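Thanks for coming. I will talk through one structure, and you can follow along on the screen.

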Amino acid sequence: MKQIFLNDATQKAFDSWLSIGGGINPNPEDKERFYTFAYEYAKNNENIDEKIFVKICKKYTHTSRSVNRGICQNYYHRLVAIVNFYKWYQKNIVK
């Protein structure tokens, strides 16, 4: 997969999440891999545009299935929420 993140650990976690057989789905294994990616993303101060994230995510997801419609956008919004919480936590709790 093409390198889109500055940090190798973030890229590796992203690739691992997207490489699940059959594409990402709303199941516990996918969520666990996604949270690993989100942690690396936040920890390494990565920044990706929503359009790029969704475009890449859709390449590995069966978005024609009704259960998967909008899943890439939902994961991006989760990513933003996790990053915002991580930043708040680092600023206010970890001193």
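Start with Tyr-89. Is this residue buried or exposed, or partly exposed? Tyr-89 has a relative accessible area of 34%, so it counts as partly exposed. Please keep in mind that this is a predicted model. Tyr-89 sits in helix α4, which covers residues 71-92. Its side chain belongs to a nonpolar patch on the surface, of about 500 Å². The other members of that patch are Phe-85, Trp-88, Ile-93 and Val-94. For the surface of the whole protein, the exposed area is about 6,100 Å², and 51% of that is supplied by carbon and sulfur atoms.

Now the overall layout. How many helices and strands does the protein have? There are 4 helices and 0 strands, and along the sequence the pattern reads α-α-α-α. The protein has 95 residues, and 35% of them are buried. Take the contacts with a separation of 6 or more: residues 24 or more positions apart account for 61% of those.

Staying with helix α4, there is a disulfide to look at. It runs from Cys-57 to Cys-72, with the sulfur atoms 2.3 Å apart. The count for the protein is 1 disulfide. Which hand does it have? The torsion about the S-S bond of Cys-57 and Cys-72 is about -80°, so this disulfide is left-handed. Cys-57 lies in helix α3, residues 50-59, while Cys-72 lies in helix α4, so the pair ties together parts that are 15 residues apart in sequence. Cys-57 and Cys-72 are both buried.

Next, the aromatic residues. A search of the whole structure turns up 19 aromatic pairs. One of them is Trp-17 with Phe-37. A pair of aromatic rings is described by the distance of the centres and the angle of the planes. For Trp-17 and Phe-37 the centres are 6.0 Å apart and the angle between the planes is 0°, and the pair is stacked. What does this pair tie together? Trp-17 belongs to helix α1, residues 8-18, and Phe-37 to helix α2, residues 28-43, so the pair ties together parts that are 20 residues apart in sequence. Trp-17 is buried, because its relative accessible area is 0%. Phe-37 is also at 0% relative accessible area, and is therefore buried.

Phe-37 has another partner. The ring centres of Phe-37 and Phe-53 are 6.4 Å apart and the planes meet at 20°; the cut-off for stacking is under 30 degrees, so this pair is stacked. Here the link is between distant parts of the chain, with Phe-37 in helix α2 and Phe-53 in helix α3, 16 residues apart. Phe-53 is buried too, at a relative accessible area of 0%.

Those rings belong to a cluster linked by ring pairs. Which residues are in it? Besides Trp-17, Phe-37 and Phe-53, the cluster holds Phe-5, Phe-14, Phe-34, Tyr-35, Tyr-41, Tyr-75 and Tyr-76.

Helix α2 also holds some charged residues. Asp-30 is located in this helix. Is Asp-30 buried or exposed? Its relative accessibility is 0%, so Asp-30 counts as buried. The C-alpha atom of Asp-30 lies 8.6 Å from that of Leu-18, and the two residues are 12 apart along the chain.

Further along helix α2 we come to a salt bridge. A search of the whole structure finds 1. It joins Lys-43 to Glu-40, with the closest N and O atoms 3.4 Å apart. Both residues lie in helix α2, separated by 3 residues, which is about one turn of the helix. How do Lys-43 and Glu-40 stand in terms of burial? Lys-43 is partly exposed, because its relative accessibility is 36%. Glu-40 has a relative accessible area of 15%, and buried means under 20%, so Glu-40 is buried.

The last stop is Asn-45, in the loop between α2 and α3. Its phi is near 50°, a positive value in a residue other than glycine. Asn-45 has a relative accessibility of 61%, so it counts as exposed.

That is the end of the tour. I can go back to any of these residues on the screen.

Methods
Residues numbered from 1 in each chain as written. Predicted model: local features only at pLDDT ≥ 70, side-chain atom pairs only at ≥ 80, totals over all residues. Heavy atoms only, no water. Patch = residues over 30% accessible without salt bridge, like charges linked within 9 Å, V, L, I, M, F, W, Y side chains within 5 Å. Areas by Shrake-Rupley, 256 points an atom, 1.4 Å probe, with all protein chains shown as cover. Salt bridge = Lys/Arg side-chain N within 4 Å of Asp/Glu carboxyl O. Helix = DSSP H or I, 4+ residues; strand = E, 2+ residues; numbered from the N terminus. Buried < 20%, exposed > 50% of the residue type's maximum accessible area, 1.4 Å probe, protein only. Disulfide = S-S within 2.5 Å. Contact = heavy atoms within 4.5 Å. Phe/Tyr/Trp six-rings, centres within 6.5 Å; stacked < 30°, edge-to-face > 60°.
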